[in-house]
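Subject: Handover of a structure and findings

Dear colleague,

Please find below the structure that I am handing over to you. My findings follow it.

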Amino acid sequence: MKFNYMKIIRSRFKFLFILLFIGLILGIILYLNCSQNVKQNIDLTLASSLTNIKDSHQNQILIHLLIISLIIISSCFIIGFIPLIIYYIYEGASIGFLLASFIHYKKIKGIYYALVFILINKFFNLIFLSYLLYITYKYIKIFIKNNYKITNLNNYLLRCFITLIVILLNDIFLYYYGNTIINILI
């Protein structure tokens with residue numbers, strides 16, 4: 001029984017990794033297909049951002065609140081699983097685009113910059129999004145198994161609400177301390 005459970009967990013992690021990898025590749029391809037003018041504008045934006053990083057804040061609170069809330073509400077009726085997968089791939093694509101941008105801007109040093117930005121800005125959100133994807137998958141599986149009868153909704157919504165709160169707390173932390181930490185590491 002335990003071996004079978006570990007096999008299921010591994011297959012779900014593979015699924016999440018494949019989605020993230022697809023997003024990474026899409027982000028890199030998107031960056032590579034940008035015109036030279038766009039790449040130069042991105043380089044200028046990165047240069048400006050790196051010099052002014054200490055005096056600015058990252059504010060993703062509202063957008064995460066809106067997107068995650070809509071996904072949670074729609075996932076109660078199965079349709080939210082697809083937008084959640086798309087959003088997960090989008091996050092992977094933004095990481096790929098960011099990685100390609102920093103490598104183009106700073107070459108080898110850009111890998112380090114990109115890893116610092118990804119670790120600070122994206123890592124925890126990806127963990128929480130992965131958990132949200134996992135519990136949504138489990139809820140939908142039970143929903144279908146019970147002939148499309150809503151069961152266990154309170155438990156699912158509680159987990160989603162806790163995940164949303166943790167994502168928002170992470171965003172609040174990033175708003176106040178994210179750029180300071182990035183500035184110290186860079």
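In which helix does Asn 170 lie? In this predicted model, Asn 170 belongs to helix 7. With a relative accessible area of 12%, Asn 170 is buried, because the cut-off for that class is under 20%. Leaving aside residues up to four places away in sequence, Asn 170 touches Phe 124, Asn 125 and Phe 128.

One of these partners, Asn 125, is also among the buried residues of helix 6. The others buried in that helix are Leu 126, Leu 129, Ser 130, Leu 132, Leu 133, Ile 135, Thr 136, Tyr 139, Ile 140 and Phe 143. Helix 6 comprises 23 residues, 123-145, and at 1.5 Å a residue it should span 33 Å. The C-alpha atoms at its ends are 33 Å apart, in agreement with that expectation. After helix 6 comes Asn 147, which has a positive phi, near 55°.

Helix 7 (residues 153-185) also packs with helix 5 (residues 108-121). Their axes are 10 Å apart and form an angle of about 155°. Angles over 145 degrees count as roughly antiparallel, and the two helices are therefore described in that way. The crossing of helix 5 past helix 7 is right-handed. On the helix 5 side, the residues involved are Tyr 112, Val 116, Phe 117, Ile 120 and Asn 121. They meet Leu 174, Gly 178, Ile 181, Ile 182 and Leu 185 of helix 7.

Tyr 112 also serves as a reference point for Ile 73, a residue of helix 3 (residues 61-75). The two residues are 39 places apart along the chain, and their C-alpha atoms are separated by 38 Å. Ile 73 has a relative accessible area of 54% and is exposed, because the cut-off for that class is over 50%.

Helix 2 remains to be described. Its 16 residues, 36-51, should span 22 Å at 1.5 Å a residue, and the end C-alpha atoms are 23 Å apart, which agrees. Which residues of helix 2 are buried? They are Lys 39, Ile 42, Asp 43, Leu 46 and Leu 50. Viewed down the helix axis, these buried residues fall within an arc of 105°, so they line one face of helix 2. Asn 37, Leu 44 and Thr 51, on the other side of helix 2, are exposed.

Yours faithfully

Conventions:
Residues are numbered from 1 along each chain as its sequence is written. This is a predicted model: local features need pLDDT of at least 70, side-chain atom pairs count only at pLDDT 80 or more; totals for chains, interfaces and linings use all residues. Side-chain values use heavy atoms; hydrogens and water are left out. Helices (H or I, at least four residues) and strands (E, at least two) are DSSP runs, numbered from the N terminus. The expected span of a helix is 1.5 Å times one less than its number of residues. Buried means under 20% relative accessible area, exposed over 50%, partly exposed in between (1.4 Å probe, protein chains only). The arc is that of the directions from the helix axis to the C-beta atoms. Axes are lines fitted to C-alpha atoms, for helices over the stretch in contact, and angles run from 0 to 180 degrees between N-to-C directions. Angles under 35 degrees count as roughly parallel, over 145 as roughly antiparallel, 65 to 115 as roughly perpendicular and the rest as oblique. A crossing is left-handed if the near helix is turned anticlockwise from the far one by less than a right angle, and right-handed if clockwise. Contact means heavy atoms within 4.5 Å.
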